[in-house]
Amino acid sequence: PALRQLDVAHHLPAQSSYALQQELGGSRIITHAKGCTVTDGEGHSLLDGMAGLWCVNVGYGRDELAEVAYRQMLELPYYNTFFRTATPPPVELAARLAGLLAKAHGGELQHIFFNSSGSESNDTVFRLVRTYWMLKGQGDRSVFISRHNAYHGSTVASASLGGMDFMHVQGGLPIPGIEHVMQPYPFGEGFGEDPEAFAARAAQAIEDRILAIGPEKIAAFIGEPVQGAGGVIIPPPGYWQKVEAICRKYGILLVADEVICGFGRLGSWFGFQHFGFTPDIVSMAKGLSSGYLPISATAVSREIVATLRASGEEFVHGYTYSGHPVCAAVALANLDILEREDLIGRTARDTGPYLAAAMAERLAPHPLVGEARSLGLIGAVEIVAEKGTNRRHGGGGKAGPIVRDHCIARGLMVRAIRDSIVMSPPLVITHAQIDQLVDTIAAALDDAGEALSR
Ligand code: PLP
């Protein structure tokens, strides 16, 4: 309890209401974790249905990651990459990522820039793309196209790239030169529409905007293969192929934000692999180190780096912690675990389908559920006021938090995004834990039924 009081007195948590923090008497203090279970300071254990924040892919309590960090700290805790210097771990990690990307992508994405977070990676994308076009003598190509409800981070540029209006209100965003188009949300904008027709319509919205602005002004299109923080929005089949074709038609760079999808979440190394498209730039974070230390990576095509090289110019961008040796060493060891335990193959063949079947059997039929969808180990349950529709209780935003709180009270950590409950458990989750996840959400829906019918 003392820590909770200090939390209220001094600590400002991220993306939080400080009134609510105070009202609750402080944040829940998570003190330790093992596997897929986190425990708080009052001894309550929770099944972690969110893998921290979509990131702890290899689960908690991996001694080998701690040992790697310890050894690297003793040997060399830090050196920069500003002085024509580097350290071994980021160089090795860049080569390792280039190898993984070559297998997934065909060898174009061979160059890696390191940062500490997904937001910073997308800021790197923003400056790199504009620098690239400037060096190509096409500096007018400066506009980014993104989607409504996209999440690309919380810095000024990355929150501007994101399409969350409630974030834009604070800080007077977006900054100029960023356009947002319709999201490919089958249960929202595409409700009741034939998926193929909706895919075509959502892609056409992008082309229409490109033509309205002028194709010669568009620098890049950025998108999450599956929108995560927007509510686990899985695009309809064919959408990404159409988006890719539009980008190629007008010579626009295609950026995949793989911060959530990368490193196995969808049952593939990268989300673009699952959907079958080939981006020019890829942002990665979260699962790259399973959240054990902060690190992100921006993968860039050969063509972009060739242009920078040919110009002889410096790319005057980067962070003190770009290529941090301890973070990179931990990321390398994390990739070893993903490979050794075949956690990605297991997600594709075993746990992903098991989750989908459990959701179809035990959540989809629930009277409050409009849709229960998943891909690999990411999923969402849409709560509706009337089955067969996408009509929401009280106009929207009421049901999600109620159901989430019942989940937490029953020992399951999940997140509410508007009126959906989203999940993204560690990739080490067992069948029994998936059953617990699904059955707890079903029970929480039952708990919430009465409050929602009022
Ligand atoms: N991009 C996506 C798709 C994300 O989901 C997130 C975070 O949730 C970010 C970028 C930002 O990453 P970070 O919070 O590490 O800055």
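Helices and strands are DSSP runs numbered from the N terminus, with at least four residues (H or I) for a helix and at least two (E) for a strand. In this predicted model, Gly-59 is placed by that numbering in the loop between helix 3 (51-54) and helix 4 (63-75). Gly-59 has a relative accessibility of 0% and is therefore counted as buried. Beyond its neighbours within four places in sequence, Gly-59 makes contact with Gly-35, Tyr-292, Pro-426 and Val-428. The C-alpha atom of Gly-59 is 7.1 Å from that of Leu-427, although 368 residues separate the two along the chain.

The chain as a whole contains 16 helices and 15 strands. Its radius of gyration is 22 Å; a compact globule of 454 residues would be expected near 22 Å, so the two values agree. Along the principal axes, the C-alpha atoms occupy a box of roughly 65 × 55 × 45 Å. Buried residues make up 54% of the 454 in the chain. Among contacts with a separation of 6 or more, 70% are between residues 24 or more positions apart. The accessible surface of the chain is about 18,700 Å², and carbon and sulfur atoms contribute 56% of it.

The ligand is surrounded by Ser-117, Gly-118, Ser-119, Asn-122, Tyr-151, His-152, Gly-153, Glu-224, Asp-257, Val-259, Ile-260 and Lys-286. By class, this shell consists of 3 nonpolar, 6 polar and 3 charged residues. Helix 6 (residues 118-135) supplies the largest share of the shell, with 3 residues. Polar atoms of the protein approach the ligand at several points. A polar side-chain atom of Asp-257 is 2.7 Å from a nitrogen atom of the ligand. An oxygen atom of the ligand lies 2.9 Å from a polar side-chain atom of Lys-286. For Gly-118, a polar backbone atom is 2.9 Å from an oxygen atom of the ligand. The ligand taken alone exposes 390 Å², and 84% of that area is buried by the protein.

Leu-161 belongs to helix 7 (residues 156-161). The relative accessible area of Leu-161 is 0%, under the 20% limit, so the residue is buried. Leaving out residues up to four places away in sequence, Leu-161 touches Asn-122, Phe-126, Phe-144, Ser-146, His-152, Ile-178, His-180 and Ile-222. Of these contacts, Asn-122 and His-152 are also found in the shell around the ligand. Tyr-151, another residue of that shell, has its C-alpha atom 7.8 Å from that of Leu-161, at a distance of 10 residues along the chain.

The loop between strand 12 (378-383) and helix 15 (399-409) contains His-393, and Gly-394 is found in the loop between strand 12 and helix 15 as well. The accessibility of these two residues falls in opposite classes. His-393 has a relative accessibility of 7%, and it is buried because this value is under 20%. Gly-394, at 75% relative accessibility, is exposed because its value is over 50%. Not counting residues up to four places away in sequence, His-393 touches Leu-368, Ile-383, Val-384, Ala-385, Lys-398, Ala-399, Asp-419 and Leu-452. The C-alpha atoms of Gly-394 and Gly-172 are 29 Å apart, with their positions 222 residues apart along the chain.

Some backbone features were also examined. Most residues other than glycine have a negative phi, and most peptide bonds are trans. Leu-173 and Pro-174 are joined by a cis peptide bond, with omega about 0°. Pro-174 is placed in the loop between helix 8 (165-169) and strand 6 (178-181). Val-232 is not a glycine, yet its phi is positive, at about 50°. The loop that holds Val-232 runs between strand 7 (218-223) and helix 10 (239-250). Val-232 is buried, with a relative accessible area of 0%. Ser-290 likewise has a positive phi, near 50°, and is a residue other than glycine. Ser-290 lies in the loop between strand 9 (281-284) and strand 10 (296-301). With 0% relative accessibility, Ser-290 also counts as buried.

Conventions
Residues are numbered from 1 along each chain as its sequence is written. This is a predicted model: local features need pLDDT of at least 70, side-chain atom pairs count only at pLDDT 80 or more; totals for chains, interfaces and linings use all residues. Side-chain values use heavy atoms; hydrogens and water are left out. A residue is near a molecule or strand if one of its heavy atoms lies within 4 Å of it. A polar contact is a pair of N or O atoms within 3.5 Å; within protein, one must be able to donate a hydrogen and the other to accept it, and residues adjacent in sequence count only if both atoms are side-chain atoms. Accessible areas come from the Shrake-Rupley method with a 1.4 Å probe; for residues, only the protein chains shown count as cover. Ala, Val, Leu, Ile, Met, Phe, Trp, Tyr, Cys and Pro count as nonpolar, Asp, Glu, Lys and Arg as charged, and the others, Gly among them, as polar. Buried means under 20% relative accessible area, exposed over 50%, partly exposed in between (1.4 Å probe, protein chains only). Contact means heavy atoms within 4.5 Å. The radius of gyration is taken over C-alpha atoms; the globule rule is 2.2 Å times the number of residues to the power 0.38.
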